[in-house]
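Please look through the structure below with the sequence beside it. The paragraphs that follow go from one region to the next.

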Amino acid sequence: MKGIKVPRKEANNIRKILMEESLINLDFKITRDQEFVYLPLKDSVKTEKLVSFDIDLEIVENDFEAQKRGPKSFMDYLKGKIDETETIEIKKSFDIIGDVVILEIPEDLQKYKYIIGKAALDFTKRKAVFMKKSEIKGVTRIREMEHLTGENTSETIHIEYGSRIMLDVKKVYFSPRLATERERLVQQVQDGEIIIDMFAGVGPFVVDISRKKEVLVYAVDINPHAIYYLKKNIELNHLEKKVIPILGDAREVLRQKTINADRIIMNLPGTAHEFLDIAMKLIKPGGIINYYEFSSDFDTPINRIVDAAGSRNVEIINKRNVKSRSPGVWHVSIDAQIN
Ligand SMILES: C[S@@+](CC[C@H](N)C(=O)[O-])C[C@H]1O[C@@H](n2cnc3c(N)ncnc32)[C@H](O)[C@@H]1O
């Protein structure tokens, strides 16, 4: 194969010039001997082009060794399998939950779903790939999924900031995209707090907080599968003395409790506002409500909190957009101190 032979001391400068001109064949390795360096050239390079550089270059035939380069990106795994113009539609971001990969595949690429699934499996080196079949819906906030490739198992253990979270992606809500928000909340919690997580799911907030702080958490969820995995996660993370799992509708089960909470977490962004009246009954003076809502502004959720607080004074200590939900609409987080 065609290459250029250059003295060792000039090799680096010449390599840079040829790289800038895209003349070096990057699929092959540069070789060296005592005196010379050999740079592999692209087949298409014309001798006249090299002469025009006005540097002493000797063109030689050499056996260059091929680079051992695997595909680097998810798209590399699809090269040659799907028409390149169509790959533009493919979402390059997907969720990885433990050993499970969850993809979103647009309608016109459904014909390639198994090829895309296999590429995701090879790229991520996880065990199973599922495709989203519906929006997140219903009271339990879960979505339909279709198994594409790998093992047909939707149960897995996800590790997040050192917490081990066991769940079944088909039966419960869980979003790895809230990891930073959970960690932000952990930093806010003080030792000694009594906390209610009204919509605890499998317990990612609960586990993260109680692993790192001396707290007592009442963790409520209406989905029996979520409570099943919450109990598993209490065991997995040795939190039996810190977390009380409660199955049921937060409104019903908390109505019967007399808890003086330092903090109430309300991550049910579609309908959490319907439960603010209960939260106000259970939060102690100076306690904090970590409230979430889908909103295009901060005023709407803040006004709801202020309205529910009635004559009590509300201090907004933090407000932020956690993640985008749809164009212009955010999963908004409000930390409100109720005095
Ligand atoms: C958006 S998920 C959040 C789960 C968890 N906090 C997390 O961040 O992964 C909301 C959870 O609220 C639960 N839920 C919905 N309505 C409820 C209610 N009335 N009482 C208790 N839990 C409820 C759902 O089953 C679901 O697990």
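Begin with a right-handed β-α-β unit, which is made by β11, α6 and β12. The model is a predicted one. Strand β11 covers residues 194-197, and its pairing with β12 is parallel, with four bridges. To find one of these contacts, go to D197: its bridge partner in β12 is A219.

Strand β11 also pairs with β14, the strand of residues 261-266; these two run parallel and are joined by three bridges. D197 serves again as a marker, since its bridge partner in β14 is I265. D197 thus has a bridge partner in β12, A219, and another in β14, I265.

Next comes the ligand. How many residues surround the ligand? The number is 21, and the closest are F199, G201, I222, N223 and A250. Three elements give two or more residues each to this shell: α6 (204-212), β12 (216-221) and α8 (250-255). Two of these names are already familiar, because α6 and β12 belong to the β-α-β unit described above. Sorted by class, the shell consists of 13 nonpolar residues, four polar ones and four charged ones. Which domains supply at least three residues each to the shell? They are domain 2, residues 75-153, and domain 3, residues 177-338.

Now turn to another sheet. It is open, has four strands in the order β2-β3-β1-β4, and its pairing is antiparallel. The strands at the edges are β2 (31-32) and β4 (58-61), each of which pairs on one side only. Strand β1, residues 2-7, is joined to β4 by four bridges in the antiparallel sense. One pair to look for here is K2 and its bridge partner in β4, E61.

The last stop is N318, a residue of strand β16, which spans residues 314-326. Is N318 buried, exposed or partly exposed? N318 counts as partly exposed because it has 14 C-beta neighbours inside 10 Å. A buried residue would need 20 or more such neighbours, and an exposed one would have 12 or fewer, so a count in between gives the label partly exposed. N318 can also be compared with S333 in two ways: along the sequence they are 15 residues apart, and in space their C-alpha atoms are 7.9 Å apart.

Conventions
Residues numbered from 1 in each chain as written. Predicted model: local features only at pLDDT ≥ 70, side-chain atom pairs only at ≥ 80, totals over all residues. Near = placed C-beta within 6 Å. Nonpolar A, V, L, I, M, F, W, Y, C, P; charged D, E, K, R; others polar. Domains from an automatic or database assignment. Pairing = 2+ DSSP bridges. Right-handed = clockwise from strand over helix to strand, strands pointing away.
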